[in-house]
Amino acid sequence: MKTTLISLFFALTTIAAMSQKEAYYQAMGENLGGYAQCRSVEDFQALGNTFARIAETEKNEWLPAYYHAHCYIIMSFIEQADPKKKDAYLDVAEKSINRITEMAPGEADVFALQAMFYTARLVVNPMERGQQYGMLSGQAIGRAMGIDPTNPRARLIKLQNDMGTAQFYGKDVTEFCEQARTLVAGWDNFKPVSPLHPNWGKDQAEGIVKSCK
Amino acid sequence: MKQSIVFLLFIINCSLSGQTLISGTVKAKNDGTLPGANVYIPGTYDGASTDAEGRFSFKTKKTGPAVLKVEYIGYESFSKEINLNGTEIRVVAELTETFNKLEAVTISAGTFEAGDKKQANTISSLDMITTAGAAGDVFGALQTLPGTTTNGESGRLFVKGGDSDESQTYIDGALVHTPYNSTAPNTATRGRFNPFMFKGTIFSTGGYSAEYGQALSSVLLLNTNDLPEQNQLDLSFLTIGPEIALTRLWNRGAVTATASYNNLGPYMKLVPQNYEWKHAPESASGAVSIRQKSGKSGMLKIYSSYDKGSFSLLQEDLDQNKNIDYNLHNSNFFVNTSYRNKLGQKWTSTTSASFTSDKDDVAFEETDFNKELSGFHLKEVISDEVSSKITLKGGAEWFNRTLKQTFRTPADTFAYQYTNNAFAAFTEGEFYASKKFVVRAGARLEYSDYLNRTSLTPRLTAAWKIDNNSQFSAAWGWFYQNPTDDYLIYTDQLDFERADHYTFSYQMSKNDRTLRTELYYKDYSHLSKLNDPAFYLAESYDNSGDGYARGVDVFWRDKKTIKYGDYWISYSFLDTKRNYRNYPETAIPGFASRHNLAVVYKHWFGKIRSYAGLNYKYSSPRVYNDPNSQEFNGERTIAYQTLDMSWSFLYRPNIILYGAVTNIPGFRQEFGKRYASVPDDSGIYRSTTLIPGSGRFFILACFITLTKKGTDNQLDKIQ
């Protein structure tokens, strides 16, 4: 009887743990599906908040914090009028960025997002921040490419940064079009570790290709 | 046993089925609803974001006692204990704004702060560099701010009716004894430091903190850059000479070595000059800057420089009615170090020290004049952040200053020298009553061993935020300073000079537009006087001088109205009189202009990747004294005007081409007259008009930055 009870107890806790994991997969899956519906700052804030809730509970997972930061970076890009708000959103993103760079220093996607974060800081005031944040973004992207040179998001952000610089200096951007085409063509060769891992960016790369024509 | 199993199953079952609805609103204390706030139950995924009206509603399967948490940017998080038992729960959460010093009221009376920390800066570090007419001179850029009077023949800072030696410059907390280059008489000087060295600047034109003494009018606080980001080589080619700077990084540290050579000779051959130079100004300098991080938060900064310069100028000697050679050789050695470290969570210690050795050798005809100044400053400041609203600071410092002067004629040698040790201690507290009100109170005790005098000075400032965009600020304090070196070298029978400051300021900032107005009154007393032509006798001096200065400063900056354009307008009205030095009576001092106006405009031309600056300055006539006249300081100069332009072109990400011209329209500029020291045979003091070295000045430059590859720098991994 006793052994039965113990084994039952273990079985139950395992089920509980599994259902917990399942709940995690399910919640993450639902939220990732939510991206498609997001348009406004408010939409992304609501979505970011749900990732924040999961991150709060799942202290050992870096993905919820990753998407939380991602949402808040997008918010700073969408926000047009108020530079103070842009910085406030990025202050929120920064906390999660710092958390995931410590938690998952071996993930190329983490540093690709960090590069995107620095670019967002730069965009708030390019005249005054250009030099500092341009360099920081370049360093982060270098780190991402160092970990995995095939990561499509790292390559996309590098491409966007390089194109921005080239356009600024009035250089020809057609050489980047070729790179963008290669990137899009090979995009699906990169297989995310799991369905929850970052898999965004292809449409943006396709956007670059389209703008080339 | 069976019961236990049933019980266990019951719990599991329960956690699967029972749901509790939680709804409510999230508000900010005294400030309406908060949309987008995150409301949730920690430990679960259950929660929601508030809608546009601040409402939320969600269901949770959790049962029993739990905590409801609300989070929102810029607010303290809110927690409430609730009991989940299936019945609906309604919650109204009131959030308190986080106290954030960056958003709170700031002490702005008398202070211009430049840095990148705050959005609401009136001027930024970049402005210091891109202001036309300043041509990369820190002091030149500051002269476009209200409260300053431009003295074209000096180039130094004259602040709110104060003489130039009433202003002090500090780098990383340590005093700079010789912030200006040595120049020929009546030519404008420049600062010794490259503005690119500094990440932040605080220019206080009155009512400054008890941390700073020995300045009657203003303090300029320069903070140097932290660790550079990468190895690099900077090459600069200017029409006046080249400069090279090399930066190397190592583990948590870096060194930058700089060498430059300037020679105005080729330029002066090309552009006609008003004066005859026998040997055009020529100088060479080298500097080493070291940065090292230590421990978790320690930062050591060392900056050391040496420069040597010389020139020879033909000047009219009005007493002898002939031209004589005026030769100057200057050498300057400067070290500045600071070490800043956090002691635990709340305490910060900053130790700073500086040493200067400056030598001027001046020769004209058969006379030699040598001046040697050595200065030392050591300072320790401890600050304690008691809470987010209270900061206490205290510190002690030691100044040592030795001046030697030797005057040699074929017949005689006169040598004088003096050494002063000054010891000071200060304490200060900054108290935020709320985000809207702050008070800073401090006191400073100072002792000078040469004068054998002690002073105790109170300082008080307060600022009150009226609404999100505007604030009032007021400052009051006593300020003491030793009399000028020129007097102290002959006498120790003098007292500290004193100025009392009363400053009221109003500032409004909205949408990248800033308006500042400032009203001030300064009461000068104990100014030192020379009462007898026998300047070499101690008895000729006393502290019977006094004076006042009062005025209004207005500053308007607008980064918004013109797309890619940015301008500011500074206007200062100044009413001042004083009786000091060798003045026979109270009079308007020669350095003061009643009206000063500066208009600075900058524009970014994206298509041609150019940053252009245009700058107009006006100073109303100043007075000067004509010894032929009965009235003291009764003559007036013409008004000073200049229109300057600069153009920066980003040719490549790492190559900048730069050009600047001062006084484009060629406004006539005169700075009064210089008179003979004795009358000629007909009883008249002969004179000559003081004019600048040339009507215009132009400079062309090319700045190249090369980043080195093949090192451990992350950037290389991309290539």
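Two strands are taken to pair if DSSP finds at least two bridges between them, and helices (H or I, at least four residues) and strands (E, at least two) are DSSP runs numbered from the N terminus. The model is a predicted one, in which local features need pLDDT of at least 70 and side-chain atom pairs count only at pLDDT 80 or more, while totals for chains, interfaces and linings use all residues. Residues are numbered from 1 along each chain as its sequence is written, chains are lettered from A and ligands numbered from 1 in the order in which they are written, and side-chain values use heavy atoms, with hydrogens and water left out.

A good place to begin is a run of strands in chain B. Strand β24 (residues 453–465) and strand β25 (residues 470–481) pair in the antiparallel sense over seven bridges, and B:Arg459 has B:Gly477 as its bridge partner in β25(B). These two strands form a hairpin with four residues between them. On the other side of the sequence, β24(B) is joined by twelve bridges to strand β23 (residues 437–448), again running antiparallel; here B:Ala443 is partnered by B:Pro458. β23(B) and β24(B) also form a hairpin with four residues between them, and B:Asn452 in its turn has a positive phi of about 55 degrees.

Turning to the interior, the largest nonpolar core (buried Ala, Val, Leu, Ile, Met, Phe, Trp, Tyr and Cys residues joined through side-chain atoms within 4.5 Å) has 51 residues. Buried means under 20% relative accessible area, exposed over 50%, and partly exposed in between, with a 1.4 Å probe and protein chains only. Residues with the most contacts inside this core are A:Met28, A:Tyr35, A:Ile73 and A:Leu113. Helices α1 (2–34), α2 (41–57), α3 (63–78), α4 (83–103), α5 (108–124), α6 (126–147) and α7 (152–168) of chain A each supply at least two of its residues, and the largest share, eleven residues, comes from α5(A). A second, separate core of 24 residues includes B:Tyr170, B:Leu175, B:Ala215 and B:Tyr524.

A contact across a long stretch of sequence is found at B:Thr239, which lies in the loop between β13 (232–238) and β14 (241–250) of chain B. B:Thr239 counts as partly exposed because its relative accessibility is 32%. Its C-alpha is 5.9 Å from that of B:Ile699, although the two are 460 residues apart in sequence. Beyond its neighbours within four places in sequence, B:Thr239 is in contact (heavy atoms within 4.5 Å) with B:Phe698, B:Ile699 and B:Leu700.
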